[in-house]
Amino acid sequence: MRTTCLRIIAAVLLLAAGLPFAVQAQTDVPSASQRPQVRKAPEKPEVRTEEIHPSPRNLRERSAIIVFIIWLWGSIAALLAVLRLKIREVDRVEEFEHISRPDAPPKEPPVR
Amino acid sequence: MTKLAAWFEERLGLSAIAKFGAKKEVPRHKHTIWYYTGSAILVFLMIQIVTGIMLAFYYRPTLEGANESIARIMTELPMGWIVRSIHSWSATFMIAILFVHLLSIALTKAYRSPREVTWMTGFLLLVVALAFGFTGYLLPWDDLSLAATKVGTDIPRAIPVVGAWATKFLRAGDDVTGDTLTRFFILHVSVLPLAIFLLLGVHFFLIQKHGMSLPLEAETRKKRLRSIPFWPNFVFREAAVWLVLLGVLLTVAILFAPSLGPSADLMAPAPTGIKPEWYFLFLFQTLKLFPAKVWFIPGETIAVFLIGIGALAFFLLPLIDNRPAEKKGRMASAFVLAVIVYALAMSAWSLL
């Protein structure tokens, strides 16, 4: 019963994630009656004379970029913390194996 | 799941690779930090391949289409400007780390016997990376890239006998035209990738064959050093470095995305203040230093000759500095340091 409920919730969430795209797609594409019927003669493309500076076009894009950079560095910090723990763990295992080796060279201070 | 794993194991024998990784050891000493540069280069190369393929889906290597297709990538395609920016910045990062990698090997004398060929393949990899940068610079086809390519492809002309032919070969004609663009595109996406994979294969094989180099003092004193297993101890450390580099790359690529000038006009005069990419600045400034004629020899020919000798000396460094490890002198280190100081000073001068 619980699993079924969870499945339904997951499905609803997935559909909800797709909804904005579907709405956007519908609003972006004009209906057949709205499309211009008259075919224009092919025009010569205009020559661009100005430089293109890639930058956020509006406040929404600018905010999205700032949020993305904060999320990126937050994720990196979290992953680095996990990696630090894993490195300590595997180093400790290696240290034990090293001590138990009969031909081990003398211990040196660890390189930081 | 176990059945599937057994099926793959029976056919591919992947456990041998895992065993190899666990058996391989990385020495631990005060120069260990330089070991991380090798894999960092590889990470940036992978990023370049992925973003390069994405850009190639939309890029058109024609006189009419090159600049416009990049403008379309930047303005119409979702995240197109970021993909282009990541491609451009990862090239810069890769070449910067390549220089650091090569110079660290030169200064720690890790090129000594039996690693001479490893050094030489590494040097050739740097040359191929620079060629990637040079050919890629023309592809946006704006005024600056056209003018810089005209200057760059004119340099080989100073070489006696074969120079004129080399310039003609690079340009696919007497001048930089649409044919040059197509030629550079083919070099950038097919010839140079083949060369880099071939050289990387040989380079990796030699690294596995000879193992990682030890510091000179440890080898001369026959000192035994501690080492850590490649998997997982060293790979986890490398992963931490990759994460930080990836973060820096994405941040820089988003905040400082390269712009795109208007489509190049073949008949227009060269714009003022032409500058190549930062990694060619020292060569550019060296060429500018020489007068038009020194006695009866063209100044450019002397400059190209001297640059060629310097590059050849760098390529043959392990053979020039071939004394046994315990007798390694300071001459090679002094030469490498002089090259670093010269390149930095010339680049700074060129930027002023």
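This is a short walk through a predicted model with two chains, A and B.

Okay, let's start with chain B. There are 15 helices and four strands in it. Laid out along its principal axes, the C-alpha trace of chain B spans about 65 × 60 × 35 Å. How does the radius of gyration of chain B sit against that of a compact globule? Chain B comes out at 23 Å, and a compact globule with 352 residues would be near 20 Å, so the two agree. As for burial, 30% of the 352 residues in chain B are buried. And if you take the contacts in chain B between residues at least 6 apart in sequence, 77% of them join residues at least 24 apart.

Now chain A. That one has two helices and zero strands. How much of chain A counts as buried? Of its 112 residues, 0%. For that count, a residue needs 20 or more other C-beta atoms within 10 Å of its own.

So how do the chains meet? Chain A puts 24 residues into the contact, and chain B puts in 31. On the chain A side, those residues split into 15 nonpolar, two polar and seven charged.

Let me zoom in on one helix pair across that contact. A quick reminder: two packed helices are described by the angle between their axes and the distance between the axes. Here the pair is α2 of chain A, residues 59-100, and α11 of chain B, residues 230-255. Their axes are 9 Å apart, and the packing angle is about 170°. Anything over 145 degrees counts as roughly antiparallel, and that is therefore how α2(A) and α11(B) run relative to each other. The residues in this helix contact are 18 nonpolar, three polar and four charged.

While you have α11 of chain B on screen, look for B:P232, which is in that helix. The peptide bond joining B:W231 and B:P232 is cis, with omega about 5°.

There's another cis bond in chain B, from B:S113 to B:P114, with omega near 5°. Where is B:P114? You'll find B:P114 in the loop between α5, residues 80-107, and α6, residues 116-138.

Stay in that loop for a second, because B:K109 is there too. B:K109 isn't a glycine, yet its phi is positive, about 55°. Is B:K109 buried or exposed? B:K109 counts as buried, because it has 21 C-beta neighbours inside 10 Å.

Compare that with B:M79, in the loop between α4, residues 66-75, and α5 of chain B. B:M79 also has a positive phi without being a glycine, near 65°. But B:M79 has 11 C-beta neighbours inside 10 Å, so this residue counts as exposed.

Last stop is a helix pair inside chain B: α12, residues 281-289, and α13, residues 299-315. Their axes come within 8 Å and cross at roughly 140°. That angle makes α12(B) oblique to α13(B), and the crossing is right-handed. Which residues meet there? From α12(B) you have B:L283, B:T286 and B:L287, and they meet B:E300, B:A303 and B:I307 from α13(B). By type, the residues of this contact are four nonpolar, one polar and one charged.

That's it from me, happy to go back to any of these.

Terms used
Residues numbered from 1 in each chain as written. Chains lettered and ligands numbered in written order. Predicted model: local features only at pLDDT ≥ 70, side-chain atom pairs only at ≥ 80, totals over all residues. Rg over C-alpha atoms; globule rule 2.2 N^0.38 Å. Buried ≥ 20, exposed ≤ 12 C-beta atoms within 10 Å, placed from the backbone. Contact = placed C-beta atoms within 7 Å. Nonpolar A, V, L, I, M, F, W, Y, C, P; charged D, E, K, R; others polar. Axes fitted to C-alpha atoms, helices over the stretch in contact; angles between N-to-C directions. Parallel < 35°, antiparallel > 145°, perpendicular 65-115°, else oblique. Left-handed = near helix turned anticlockwise from the far one by under 90°.
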